[in-house]
Amino acid sequence: MKNSSVLSRLMGAWLLLLLGAFNLFGASSPTWVYTATNTELRNIQFGSLDPNNNLVMSGVFNAQLGLITRFDDTGKQLWSIVPTSSANQISQGGGIATDAAGNAYVVFQFDGLLTIGSTNFANGVGSAFVVAKLDPSGNVVWGQMVYGANLTSSYFSGQIRADAAGNSYIFFSHTGTVSVGGFSASADPYGRGTVVKFSPSGSVLWLRDISSNGNQGNVTIDSIAVDGSAVFVTGYFNKYVGWGSTNMSAAAYTGFLGRLNGSDGNPSWIKNTGTSAQGSDVAVGTNGIVWGNMRNLSGYTLHKYQTNG
C-alpha cells in the first residue's frame, strides 16, 4: 500500500461506503461494503469500472491532503496514494477518470510542491493544478501542470474524462489567462469555459475556448462527455455564447449543449437547451446523447439527441 504511514493516520477520520452491484431501489443487498471513518473527506469521486471491474476513487482531506485508492471486484483495497502539498494546501480537485486499459487520470489544485507517490510537481506561480496519469498499479506515468494568472478565483471544476483509446480531457471555467503544454486560454473578466485534450502520452493535442466572442457575456461549463470522435459540452451562458464563428444569444442565463470534433476541437454544432437553471450533465452512448438539467430544485429535465444534434 502506497503512503501507508500517512494513510494509517487518516483512516480513523473518513467514512466511505462502497456498494458493489447494489440496487438503489432495495431489490438486493450489497455484494460488498468497505467502511472507514472520517468526516473530513470531501469531493469523493469514482472513475468508471475497468475491464476487470476494479474501481478507482479520489477525494480531498480537509483541503490539505488528497486521496487516490483502488478496489478490486471483491472490495479488496489494492493500493492507496495520499497526495501531499508542501504548503498543506490541496484546495480543490479529486476529479478522476479511467480508460479501457485500467489507467487512472486525476486532477488536483494545489499550492507549493505536490507529491503523488514518488513524483513531485512544483508550483511557483500561486495556485495551479496538475493533471496526472497513473497506471493500474498506481505509478505516475505523466503529469501536466495547468497555470493561471487568476486561477484561485476561477471556476475550477476539477473534472476530467477519458476515452477508450487513453486520451484524456479536462474542462473548467475561468476569468484569468490559463496556460498548459504550450497552449493558452485568454483572460475574460466575464468568465469563459475551456476544454483541453491530452494524448495517451500526456502531450496537449488541442485547447478550445468557449466564450462570448467579445460580447460581454459569461460562459460556464458544467460537464462534458466523450466518445473518442467527439466531445459534447454542456453549461450555461448569460447574453452570448460563441461557438466558433457563431454567436448564440439569450436575455438571461440559459443552458447550452454543443459538440466539438474530437480530432481538433473545432466546434460542430450547438443548441439552446431552453433552461435557465445551472447544474446540467451529459452522457453519450452508441444510440445518442442524453442531456439532463436540475431546474432549481423544482424538478429536472431530460433530453435525448442524436450525436449529429
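# Exercises on strands, burial and salt bridges

Strand β20 (residues 254-261) is joined to β21 by 5 bridges, and the two run antiparallel. The structure is a predicted model, in which local features need pLDDT of at least 70 and side-chain atom pairs count only at pLDDT 80 or more, while totals for chains, interfaces and linings use all residues. Residues are numbered from 1 along each chain as its sequence is written, and side-chain values use heavy atoms, with hydrogens and water left out.

## Exercise 1

Task: Find which strands stand at the edges of the sheet that holds β20 and β21.

Solution:

Step 1. Strands are DSSP runs of E with at least two residues, numbered from the N terminus. Two strands count as paired if DSSP finds at least two bridges between them.

Step 2. The order in this open sheet of 4 strands is β16-β17-β20-β21, and the pairing is antiparallel.

Step 3. β16 (219-226) and β21 (267-272) each have a single partner strand, so they are the edges, and one side of each has no neighbour in the sheet. From one strand to the next, the twist averages 20°.

Step 4. For one position in the β20 and β21 pair, look at Gly258, which stands opposite Ile270 in β21.

## Exercise 2

Task: Decide whether strand β11 (residues 168-174) is largely enclosed or left open by the rest of the structure.

Solution:

Step 1. Apply the cut-offs: buried means under 20% relative accessible area, exposed over 50%, and partly exposed in between, with a 1.4 Å probe and protein chains only.

Step 2. Sort the side chains by direction. Ser168, Ile170, Phe172 and His174 point one way from β11, whereas Tyr169, Phe171 and Ser173 point the other way, and all are buried.

Step 3. Because 7 of the 7 residues are buried, β11 is largely enclosed by the rest of the structure.

Step 4. Add the partner strand. β11 and β14 run antiparallel and are joined by 7 bridges, and Phe172 stands opposite Thr194 in β14.

## Exercise 3

Task: Describe the surroundings of Ser199, which lies in the loop between β14 (192-198) and β15 (204-210).

Solution:

Step 1. The relative accessible area of Ser199 is 7%, so this residue is buried.

Step 2. Contact means heavy atoms within 4.5 Å. Apart from neighbours within four places in sequence, Ser199 is in contact with Trp142, Gly166, Asn167 and Leu205.

Step 3. The side chains of Ser199 and Ser201 are joined by a polar contact of 3.0 Å. A polar contact is a pair of N or O atoms within 3.5 Å; within protein, one must be able to donate a hydrogen and the other to accept it, and residues adjacent in sequence count only if both atoms are side-chain atoms.

## Exercise 4

Task: Trace the salt bridges and say which residues form one network.

Solution:

Step 1. A salt bridge needs a side-chain nitrogen of Lys or Arg within 4 Å of a carboxyl oxygen of Asp or Glu. By this rule there are 3 salt bridges.

Step 2. Asp50 and Arg70 meet in a salt bridge at 2.6 Å, N to O. Asp50 lies in the loop between β1 (41-46) and β2 (55-61) and Arg70 in strand β3 (residues 65-71), so the pair ties together parts 20 residues apart in sequence. Both Asp50 and Arg70 are buried.

Step 3. Asp188 and Arg192 form a salt bridge at 3.3 Å, N to O. Asp188 is buried at 7% relative accessible area, and Arg192 is buried at 12%.

Step 4. Arg192 also forms a salt bridge with Asp209, with the closest N and O atoms 2.7 Å apart. Arg192 is in strand β14 and Asp209 in strand β15, so this pair ties together parts 17 residues apart in sequence. Asp209 is partly exposed, at 22%.

Step 5. Shared partners join Asp188, Arg192 and Asp209 into one network of salt bridges.

Key:
Axes are lines fitted to C-alpha atoms, for helices over the stretch in contact, and angles run from 0 to 180 degrees between N-to-C directions.
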